[in-house]
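Me: Hey, can you walk me through this one? I'm new to reading structures, so plain words please.
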Amino acid sequence: MTLRRRAPGWTARSRAWVAALVLAACGAASAAGSETPAQPLQLTGNESAAYAEGARAVFYNPAGLGLRYPLEVFGSGTSFEEGGRIHRWVVGLGGFALQGEQVKGVSQRYGFTQAAGGTALRWGLTCDWQVDARTREVAADQRLGVLSRPAPWLALGGVVDHPFQTALAGKTQTREYTLALGLRPFALSAARANGWGTRLTLTSDVLLAEAGRRDQARVRFGGELEALPGVLLRATVEDRRGLNLGVMLRGVNGGGAVQSASTDGHHRYDSYAVSLHAGEERTVLAGRAERRVAVVRAAGALGDDALSGFSLLGGSDVTPVRPLHDQLQRALEDPLTRGVFLDLRGVGNMAQIEELRPRLARLRAAGKPVVAFMEYGGGRADLYLAGACDRIVMAPEADPSALGLRGERRYYRSLLAGWGIRVDRSSYGRYKSAYRNLSVDSTSDADREAIERGLDVSQELLVSALVSDRGMDRARLLTLLDGRPWRAEDLRRAGLIDSVGYREDALAVLGRLCGLGKRPRRVELARRPEAQREWAVPAPVAVVYASGGIETGRSGGDLLMGPSMGSETVIAQLERAFTRPGVRAVVLRVESPGGSALASDLIHHATLRLKRETKKPLIVSMGSVAGSGGYYISIGADRIYADRFTRTGSIGVVTIKPSFEQFYAKHGVRQDDFERGAWMRGWSPARDWTSADQAVADSATLRFYHGFVERVAAGRGMTWDEVHAVAQGRVWMGGDALERRLVDRLGGLEDAVAEARRRAGVPAGAKIRWLEYRRPGPGLLQRLIGRTVGEAWRDATRMPEPGAMLYWTDEDESP
């Protein structure tokens, strides 16, 4: 048996589209009548219903509006051999445009176009009102278009002109149909689809009048060759010996085209077109003055999702890190960007910064220098990121203080007891410290051991990185990290930074390194989108983000644990990711200290079931923390990646129950108990646990712990005793976890996606996009006025169910 590999992107949807177009063409062509449609006016040498994109698409296929540029102003003029002239203009913003046309001495036309949808399927509608220049009669007209680009190499288009058959000059207009096919032969190779794949485009259009015969159909074939980036040669061959030849020149944010049309060797008309647009093109026509440096600003606690909320454990505002990755990747690929100005304004989350550092290394390796500027001083995380840059500049009066490490743990048992409140607690694992500060008064030896180890590893990771980055003496660096306040000049003398100066001084340093002078042109790439050159970018890898404490139900947040991931939300996203056509591997990104044992098990079971049902691999990438329940939901993966600063493990169980018995007694509240069940007393928040209640809770946590260890052993290919030896609630940093076989590789999300690509069979060098599933954002009302009073109160006062088992990592166990 011979196995044949289908061409990339040739899916059932693609085949269905082709079949539908063929059937429609045959049906329309077989209709009886005598109508013959006219070939549309060409503006740039090759306009096709399958390839027209940008503002000029309103005249050929309105579904193509907004595909290439987010904003465009377009104008064209056509001069006929007989002396007639036509002028057209379009102003487009996204999928909406206003357009007009003036036929000299004959008519004027004004209207709008609306387009919507994605690359797989997109529709558009143009509505025009034509004003007769002589009679001033106004007539409405419409054009409907549909466009599908299911693969990088394939485009399918369909247009209906005059769909409502409105009257013009007293005559009812006949419906006309255009069916079009576009091909990019070089894009059949996935590895070339993003480069040479866009350089050659072939098109074919068939025009049919609704009442026309098959032999009256009009046909045209077109082609476009991008000889050099931004220099395009375009041509269209029409039936009845029609020929159009054109040249298009694309600048960074504007371009122009000229073309000439002839029939049977006789000149018919000439056209010119100009365009100004927001999407940037890659072109050889860019001048030296357009070379620039990219300004990238980084501030706040970095994370995968923009989590925002408050908990009793502290604030939880998180700045999404993905835009930083995207800007640095764009700076790497953009030929106009010659360097990066990294404006550091107090960043946090060492694991996320660890994943950013390789991007800076790739920029430097590509000959694009990076200068870090620290205007306000900065902390350890800022220095860790700045160390990966070519130069570091700090403002003269910046305050780089408190550069050491410190851990604090406060205990509240006595305070709560003074109020008459007691927190009953049961856990298994001598290192399981979550909520222990509510029930004891001091740090245990096991907790102290874990905290000290976390501090040692974090310190060594930073010190070794900066010693290597800066080539400085280790003893001098440790002196700077002792916690004393320093001045910027002190850091310069020690070699931790390169120079002291203001923003213009840092820009001058970067300009000299880039060869752009003391005042280089600056841009924010986030505000300078690229033109969309590819017809489609496949998404064979899905990334599901699992952030926050783990709870049953939907994702949300509460007062104790802050922002949470709900098992229903995450499982639904995993279902969509695994069953999505075209997705061949799934990455689960875990950023969670854990939570509900039930919710953790439901998510874990879903990963195993979906892997079994779909035969697709699952790769886990751990962020800054993936402990306890966060580790539990990871163990079903085919491979687990962790950063060196990741805190993971914490394989243990804890349950707590607040008791207000003494509080009620102090305030004269008396309670009578009525029970059916010998152990129901232990569930009451109005009764302290007895020794028997404590024993029952301890027995339950032990059973849950045994189950936890069994699942880890099955998922990691270890024995129960091997897992137990490294479990007991102990939190491990990424390197320690690797040594103990709790993870498979050290690396970030990019490394996990690379592994998923490999397992999905994606060719090296092929451009893909990530199909991302993030936590749902708040609705419009929630964004404007927050939650309703009742919902806010319920969330703010919600505690874990008394006796509910939690796989929860104390986020203060290590820095």
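Reply: Sure. One term before we start: a cavity here is a set of grid points where a 1.4 Å probe fits but cannot get out. Also keep in mind that this is a predicted model.

Me: OK, so how much space lies in the largest cavity?
Reply: About 170 Å³. Its lining is made up of 20 residues, and the closest to the centre are Arg56, Tyr69, Glu72, Met248 and Ser275.

Me: How many cavities does a search of the whole structure find?
Reply: The search gives 9 cavities of 30 Å³ or more.

Me: Back to the largest one. Which strands each supply at least two residues of its lining?
Reply: Those are S1 (71–80), S14 (242–250), S15 (254–263) and S16 (266–277).

Me: And what's the mix of residue classes in that lining?
Reply: There are 8 nonpolar, 7 polar and 5 charged residues lining the largest cavity.

Me: Let's stay with S14 for a sec. What can you tell me about Leu245, which lies in that strand?
Reply: Leu245 counts as partly exposed because its relative accessibility is 49%, and the partly exposed range runs from 20% to 50%. If you skip its neighbours within four places in sequence, Leu245 is in contact with Arg234, Ala235, Val258, Gln259 and Ser260.

Me: How far is Leu245 from Val258 in space?
Reply: C-alpha to C-alpha, the two are 8.5 Å apart, with their positions 13 residues apart in sequence counted as the separation.

Me: Zooming out, what does the secondary structure of the chain come to?
Reply: The chain has 19 helices and 40 strands. It has 815 residues, and buried ones make up 52% of them.

Me: What share of the contacts with a separation of 6 or more comes from residues 24 or more positions apart?
Reply: That share is 67%.

Me: Now the helices. At what angle do H10 and H11 pack?
Reply: H10 (residues 567–579) and H11 (residues 597–614) pack at about 10°, and their axes are 10 Å apart. The angle is under the 35 degree cut-off, so H10 is roughly parallel to H11.

Me: Which residues meet there?
Reply: From H10 you have Ser567, Val570, Ile571, Leu574, Glu575 and Phe578. On the H11 side they meet Ala599, Leu602, Ile603, Ala606, Thr607, Arg609, Leu610, Lys611 and Thr614. Sorted by class, this contact has 9 nonpolar, 3 polar and 3 charged residues.

Me: New topic: what's unusual to look at in the backbone at Ala402?
Reply: Ala402 has a positive phi of about 55°, although it is not a glycine. You'll find Ala402 in the loop between strand S23 (391–394) and helix H5 (413–418).

Me: Is Ala402 buried or exposed?
Reply: Exposed, because its relative accessibility is 55% and the cut-off for exposed is over 50%.

Me: And what about Ser650, where is that found?
Reply: Ser650 is in the loop between strand S35 (647–649) and strand S36 (653–659). Ser650 also has a positive phi of about 55° without being a glycine. With 0% relative accessibility, Ser650 counts as buried.

Me: Last one: which helix is Asp490 found in?
Reply: Helix H8, which covers residues 488–494. Asp490 counts as partly exposed, at 27% relative accessibility. Its C-alpha atom is separated by 9.9 Å from that of Val500, and those two residues are 10 apart along the chain.

How values were computed:
Residues are numbered from 1 along each chain as its sequence is written. This is a predicted model: local features need pLDDT of at least 70, side-chain atom pairs count only at pLDDT 80 or more; totals for chains, interfaces and linings use all residues. Side-chain values use heavy atoms; hydrogens and water are left out. On a 1 Å grid over the protein atoms alone, a cavity is a set of points where a 1.4 Å probe fits but cannot get out, and a pocket is an open set with protein on both sides within 12 Å along at least five of seven lines; lining residues have an atom within 4 Å of a point. Grid points are joined across faces, edges and corners, and a volume is the space filled by probe spheres set on the points. Helices (H or I, at least four residues) and strands (E, at least two) are DSSP runs, numbered from the N terminus. Ala, Val, Leu, Ile, Met, Phe, Trp, Tyr, Cys and Pro count as nonpolar, Asp, Glu, Lys and Arg as charged, and the others, Gly among them, as polar. Axes are lines fitted to C-alpha atoms, for helices over the stretch in contact, and angles run from 0 to 180 degrees between N-to-C directions. Angles under 35 degrees count as roughly parallel, over 145 as roughly antiparallel, 65 to 115 as roughly perpendicular and the rest as oblique. Contact means heavy atoms within 4.5 Å. Buried means under 20% relative accessible area, exposed over 50%, partly exposed in between (1.4 Å probe, protein chains only).
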